[in-house]
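Trainee: I'd love to take a close look at one part of this chain with you, starting from a single side chain on the outside. Please walk me through it, and then show me how the rest of the chain is put together around it.

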Amino acid sequence: MDQKDTEMNEKGISSSTSGVVVQVREKKGPLRAAIPYMPFPVAVICLFLNTFVPGLGTFVSAFTVLCGAQTDLPNRHVCCVFWLNIAAAFIQILTAIVMVGWIMSIFWGMDMVIMASYRNQGIPQQL
């Protein structure tokens, strides 16, 4: 093998750097997997709402599931996914008193925007 095409890692195993594809799948819990893939402007609005009123953007995103937004829970009924999003919103609202819910709400909104950008770029939702 050519010296340029092969590198040694710290364990002594050679790996080729030309044409190697690594695929990573993230395991999501049921609440996080229930975040819907929304249009980008709606996701930004939900992020804005979650930033200033914890849980409000998550509450609004729950209704996008009823309007046909896809999630990473294809085997669950739409009503179940709707109630999972409502539960996440109430958790954010109730724990906002100790700042945990506010921070969770902001991260939830950021996930919505990231997932919406995947949707806009045509990246497959499930691998």
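**A side chain on the surface, and what lies around it**

Mentor: Happy to! Phenylalanine 52 is found in helix H2. Please keep in mind that we are looking at a predicted model. The relative accessible area of phenylalanine 52 is 58%, and it therefore counts as exposed, the cut-off being over 50%.

Phenylalanine 52 has company out there. Together with Phe48, Val53, Leu56, Phe59, Val60, Phe63, Leu66 and Val78, Phe52 makes a nonpolar surface patch of about 790 Å². Two elements give two or more residues to this patch, namely helix H2 (40-52) and helix H3 (56-66). H3 provides the largest share, with five residues. For scale, the chain exposes about 8400 Å², and 66% of that is supplied by carbon and sulfur atoms.

Let's step back to the layout. The chain has five helices and two strands, and the order along the sequence is β-β-α-α-α-α-α. Of its 127 residues, 31% count as buried. Among contacts with a separation of 6 or more, 67% are between residues 24 or more positions apart.

H2 turns up again when we move inside. The largest nonpolar core has 11 residues: Ile35, Tyr37, Met38, Ala43, Cys46, Ala88, Trp108, Met112, Val113, Met115 and Ala116. H2 and H5 each supply at least two of these residues, and H5 gives the most, with five. Another core, of six residues, lies apart from this one and includes Ala33, Ala34, Val65 and Val81.

Methionine 115, one of the members of the largest core, is a good residue to follow next. Beyond its neighbours within four places in sequence, methionine 115 is in contact with Lys28, Ile35, Pro36, Tyr37 and Asp72.

Two of those partners also pair with each other. Lysine 28 forms a salt bridge with aspartate 72, with 2.5 Å between the closest N and O atoms. Lysine 28 sits in the loop between strand S2 (14-16) and helix H1 (30-33), and aspartate 72 in the loop between H3 and H4, so this pair ties together parts that are 44 residues apart in sequence. Aspartate 72 has a relative accessible area of 16% and is therefore buried, the limit being under 20%. Lysine 28, at 25%, counts as partly exposed.

The structure holds two salt bridges. In the other, aspartate 111 pairs with arginine 32, and the closest N and O atoms are 3.0 Å apart. Aspartate 111 belongs to helix H5 and arginine 32 to helix H1, so distant parts of the chain are linked across 79 residues. Here too the acidic partner is buried, with aspartate 111 at 16% relative accessibility, while arginine 32 is partly exposed at 24%.

One last stop is the approach to H5. Methionine 99 lies in the loop between helix H4 (78-95) and helix H5 (100-121). Most residues other than glycine have a negative phi. Methionine 99, though not a glycine, has a positive phi of about 75°. With a relative accessible area of 44%, methionine 99 is partly exposed.

Terms used: Residues numbered from 1 in each chain as written. Predicted model: local features only at pLDDT ≥ 70, side-chain atom pairs only at ≥ 80, totals over all residues. Heavy atoms only, no water. Helix = DSSP H or I, 4+ residues; strand = E, 2+ residues; numbered from the N terminus. Buried < 20%, exposed > 50% of the residue type's maximum accessible area, 1.4 Å probe, protein only. Patch = residues over 30% accessible without salt bridge, like charges linked within 9 Å, V, L, I, M, F, W, Y side chains within 5 Å. Areas by Shrake-Rupley, 256 points an atom, 1.4 Å probe, with all protein chains shown as cover. Salt bridge = Lys/Arg side-chain N within 4 Å of Asp/Glu carboxyl O. Contact = heavy atoms within 4.5 Å. Core = buried A, V, L, I, M, F, W, Y, C linked by side-chain atoms within 4.5 Å.
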